[in-house]
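Biologist: Hi, I've got this one open on my screen. Could you walk me through it?

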Amino acid sequence: MSQFLPLGKFSFGMGDRFAHQSKAQLRACIRATELGALFVPVWNKSNREHTFVGSDPSSTRAAADAAVRELGWNKPYHVDADHIRLETVDRFIPHSDFYTIDVADSIGKPASAADVETFVDRHPELVGTISIPHIDPPFAITRAEVERVANKFLLAAQDAGKIYQHIVKAKGAANFITEVSMDETDSPQTPPELLIILAAIANQKIPIQTVAPKFTGRFNKGVDYVGDVKQFEKEFNEDLAVIAFAVKKYGLPASLKLSVHSGSDKFSIYEPMRRALKKFDAGVHIKTAGTTWLEELIGLAEAGGDGLEIVKEIYASAIEQVDELCVPYATVIDIDRAKLPGAAVVNDWSSHQFVSALRHDQKCKDYNPSFRQLLHISFKVAAQKGDRYLNALKKHEAVVAKNVTENLFERHMKPLLLGQAKTPQAICSPRCETVPA
Ligand SMILES: [Zn+2]
């Protein structure tokens, strides 16, 4: 296996769409570190996000470097070129040291018949009964099944190999971290499929350190997990077992771990994840993004005055363009249109009403997941406001930053590593009536 830039055991992916919250985000990592839980900060931004905002990958790097310098962070940190492909990777090369190679588009497209046969012949260990510690009963995989999985995923692994080599040429193997993502596809990958996929990735000599499968259940943007938590827990445990096994079997980096592209805020699976990570003494990369942009809106709404005014304007534009905004996110949102308040209604809201509807506090009776999801996918609308939006962020930095830090630390990092209650009371405003438990 070639050289690679090592990634720490626990790492936390954060999206900063307008490059104004890096410091507030880093403060959450600092607070977690003070409690003995080191999360390596990773700032991630996809090509799609850059395109919608009209930003360049250099801005993500500049914001990350500035935050690290100003807060004196002396531990590792990274900048993730999120969901890149061969066509989109180049502009990230000077600025990113973490590459999420997205092969979802190649899944299901068959590799050449000869390649499939070579793969199956090369891996007799994948056929039959495979005993993996902590997986009971053992996997029983037929040759036909290995062929089926190879037909579905081998081309994707080969594509990942091509993109990886492209980055190596441009950057040098020792200078970056490689993730392979398969989450943006239709069906989840089962743990036996993950094993076969890792064998194919190892054949490509990719020193993969994080792998993002699609897990069972729905990972809608900005709202909690929807699905069978027990089934998720079972598969998450089995995935961890498969990874530990594949690391040894195929000589993959010992730092290889799961990357959970959470779509933000999957609170109900944090506790099962925490238990499983502890059991396997495994690390994890948790990727969030839009949760921070929503905290910007919450902070601005809380600030009142022109802050509240601009978030109301953003909502009014979002509701007008709802169809168009939903298109790119159709598979990762469940917005109940009937639950979306009209622009005129929202226009009359107080700070508190806006914040209560938006803040991800499931105990609050006014929390509105449809409202939250629509705003999650509406950052493009804020980008269209240009300097007015950025100036509002600067003017109300204190209240925005407080919300950004508190959200990442209290709702995400604490439950993941320290096992605290999933929605800490202190976050809900005292004036907010909560639903009785
Ligand atoms: Zn993803």
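Modeller: Happy to! Let's start with Ile196, and keep in mind that this is a predicted model. Leaving aside residues up to four places away in sequence, Ile196 touches Leu126, Val146, Val149, Ala150 and Phe153.

Biologist: Which residues have the most contacts inside the largest nonpolar core?

Modeller: Ile196 is one of them, along with Phe153, Ala160, Ile201 and Leu358. That core has 124 residues. Helix H5 gives the most to it, with 13 residues. Both domains take part, since at least three residues of the core come from each of domain 1 (10-289) and domain 2 (292-422).

Biologist: OK, domains then. How far apart are the C-alpha centres of domain 1 and domain 2?

Modeller: They lie 27 Å apart. In the contact, domain 1 takes part with 37 residues and domain 2 with 34 residues.

Biologist: Which elements give two or more residues to the side of domain 1 that touches domain 2?

Modeller: Strand E1 (10-14) and the helices H1 (22-34), H2 (47-53) and H8 (267-280). The largest share of that side comes from H1, with seven residues.

Biologist: Let's switch to the strands. In what order do the eight strands close into a barrel?

Modeller: The order is E1-E2-E3-E4-E7-E8-E9-E10, with parallel pairing. On average, neighbouring strands of this sheet are turned by 25 degrees against each other, direction ignored.

Biologist: And what packs on the sheet, touching strand E2 and strand E3?

Modeller: That's helix H3 (residues 57-71), which touches E2 (40-46) and E3 (78-84). The direction of H3 makes about 155 degrees with that of E3. Helix H5 (residues 143-171) packs on the sheet too, touching strand E4 (98-102) and strand E7 (177-181). For H5, the angle to the direction of E4 is about 155 degrees.

Biologist: How many bridges join strand E9 to strand E10?

Modeller: Four, between E9 (residues 257-261) and E10 (residues 284-287), and the two run parallel. Take Val260 as an example: its bridge partner in E10 is Ile286.

Biologist: Now the C-terminal part. Which residues of helix H16 are buried?

Modeller: Tyr389, Ala392 and Leu393, in a helix that covers residues 387-395. They sit on the same side of H16 because they cover an arc of only 100 degrees around the axis.

Biologist: Any general reason for that sort of spacing?

Modeller: An α-helix has 3.6 residues a turn, so residues three or four places apart point the same way.

Biologist: What do the buried residues of H16 pack against, then?

Modeller: Four helices: H9 (290-303), H10 (305-320), H15 (379-384) and H17 (397-418). The face of H16 turned away from the buried side carries the exposed residues Asp387, Arg388 and Lys394.

Biologist: One last topic, backbone oddities. Where is there a cis peptide bond?

Modeller: Between Asp136 and Pro137, with omega about 0 degrees. Pro137 is in the loop between strand E5 (128-130) and strand E6 (139-141). His134 is found in the loop between E5 and E6 as well, and its phi is near 75 degrees, a positive value in a residue other than glycine.

Biologist: Why does His134 count as partly exposed?

Modeller: Because it has 14 C-beta neighbours inside 10 Å, and partly exposed lies between the cut-offs of 12 or fewer for exposed and 20 or more for buried. Lys205 also has a positive phi, near 60 degrees. Lys205 is in the loop between helix H6 (191-203) and strand E8 (208-212), and with 15 such neighbours it counts as partly exposed.

Technical notes
Residues numbered from 1 in each chain as written. Predicted model: local features only at pLDDT ≥ 70, side-chain atom pairs only at ≥ 80, totals over all residues. Arc of directions from axis to C-beta. Contact = placed C-beta atoms within 7 Å. Pairing = 2+ DSSP bridges. Axes fitted to C-alpha atoms, helices over the stretch in contact; angles between N-to-C directions. Core = buried A, V, L, I, M, F, W, Y, C linked by C-beta atoms within 7 Å. Domains from an automatic or database assignment.
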